[in-house]
Amino acid sequence: MKWSYQGVSYDTEKSTKLGSYVSDLPRNDLQYCECDLYITKNGEYFLAGEGGANTIFAHGGDRHWSAGKGICPLYDQDSIWSWANRCMEKSDFLSHFGDNIPAWY
């Protein structure tokens, strides 16, 4: 999956996957989500995945939203760590972030 935003290119094939998440909800649920955390060669983090109409991957507008696929950049460490805290295995998190772990993790 490829996407470009504000001059930054995001490509799952050229980036390193750090972790994955698949919700326990049925695929037809509005909040169903499955996504992967990636880091680009330039150190940009992003999520790539798909989800229901109540997720970051939804498409549409106004009153008509539907399930969709896409890429969502993560711009700050708090966003990255928050996602990782909820979704990654602790060993995967530790192996990537090492000594830069927030105290709350």
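**A hairpin, a sheet and a shared arginine**

In the hairpin built from strand 1 and strand 2, two residues sit between the strands, and Gln-6 takes a positive phi near 50°. This is a predicted model, and the hairpin is a handy place to start reading it. Its two strands, strand 1 (residues 2–5) and strand 2 (residues 8–11), run antiparallel and are joined by four bridges. Across this pairing, Lys-2 stands opposite Asp-11 in strand 2.

Another feature is a nonpolar surface patch of about 330 Å², made by Trp-3, Tyr-5 and Tyr-75. Of these residues, Tyr-75 belongs to the loop between strand 8 (68–74) and helix 1 (77–87). With a relative accessible area of 55%, Tyr-75 counts as exposed, because the cut-off for that label is anything over 50%.

Next comes the sheet. Four strands make up an open sheet in the order 3-4-5-8, with antiparallel pairing. Strand 3 (16–22) and strand 8 stand at the edges with a single partner strand each, so one side of each has no neighbour in the sheet. On average, neighbouring strands here are turned by 20° against each other, direction ignored. Within the sheet, strand 4 (residues 33–39) and strand 5 (residues 45–51) pair in the antiparallel sense over seven bridges. Helix 1 lies across strand 3, strand 4, strand 5 and strand 8, and it runs at about 55° to strand 3.

The pairing of strands 4 and 5 leads straight to the charged residues. Glu-34 has Glu-50, in strand 5, as its bridge partner. What do these two glutamates do with Arg-27? Each of them forms a salt bridge with Arg-27. For Glu-34, the closest N and O atoms of the pair are 2.7 Å apart; for Glu-50, the corresponding separation is 2.8 Å. Glu-50 lies in strand 5 while Arg-27 lies in the loop between strand 3 and strand 4, so this pair ties together parts that are 23 residues apart in sequence. Through shared partners, the salt bridges join Arg-27, Glu-34 and Glu-50 into one network. The structure holds two salt bridges. As a general point, side chains of opposite charge can pair when their charged atoms come close.

How exposed are the members of this network? Arg-27, at 53% relative accessibility, counts as exposed. Glu-34 is partly exposed, with a relative accessible area of 24%, and Glu-50 is also partly exposed, at 22%. Neither glutamate counts as buried, because that label needs a value under 20%, while Glu-34 has 24% and Glu-50 has 22%.

One last stop is strand 7 (residues 64–66), which includes His-64. Is His-64 buried or exposed? It is exposed, with a relative accessible area of 61%. The C-alpha atoms of His-64 and Ala-53 are separated by 8.9 Å, and the two residues are 11 residues apart along the chain.

Technical notes:
Residues numbered from 1 in each chain as written. Predicted model: local features only at pLDDT ≥ 70, side-chain atom pairs only at ≥ 80, totals over all residues. Heavy atoms only, no water. Patch = residues over 30% accessible without salt bridge, like charges linked within 9 Å, V, L, I, M, F, W, Y side chains within 5 Å. Areas by Shrake-Rupley, 256 points an atom, 1.4 Å probe, with all protein chains shown as cover. Salt bridge = Lys/Arg side-chain N within 4 Å of Asp/Glu carboxyl O. Buried < 20%, exposed > 50% of the residue type's maximum accessible area, 1.4 Å probe, protein only. Pairing = 2+ DSSP bridges. Axes fitted to C-alpha atoms, helices over the stretch in contact; angles between N-to-C directions. Contact = heavy atoms within 4.5 Å.
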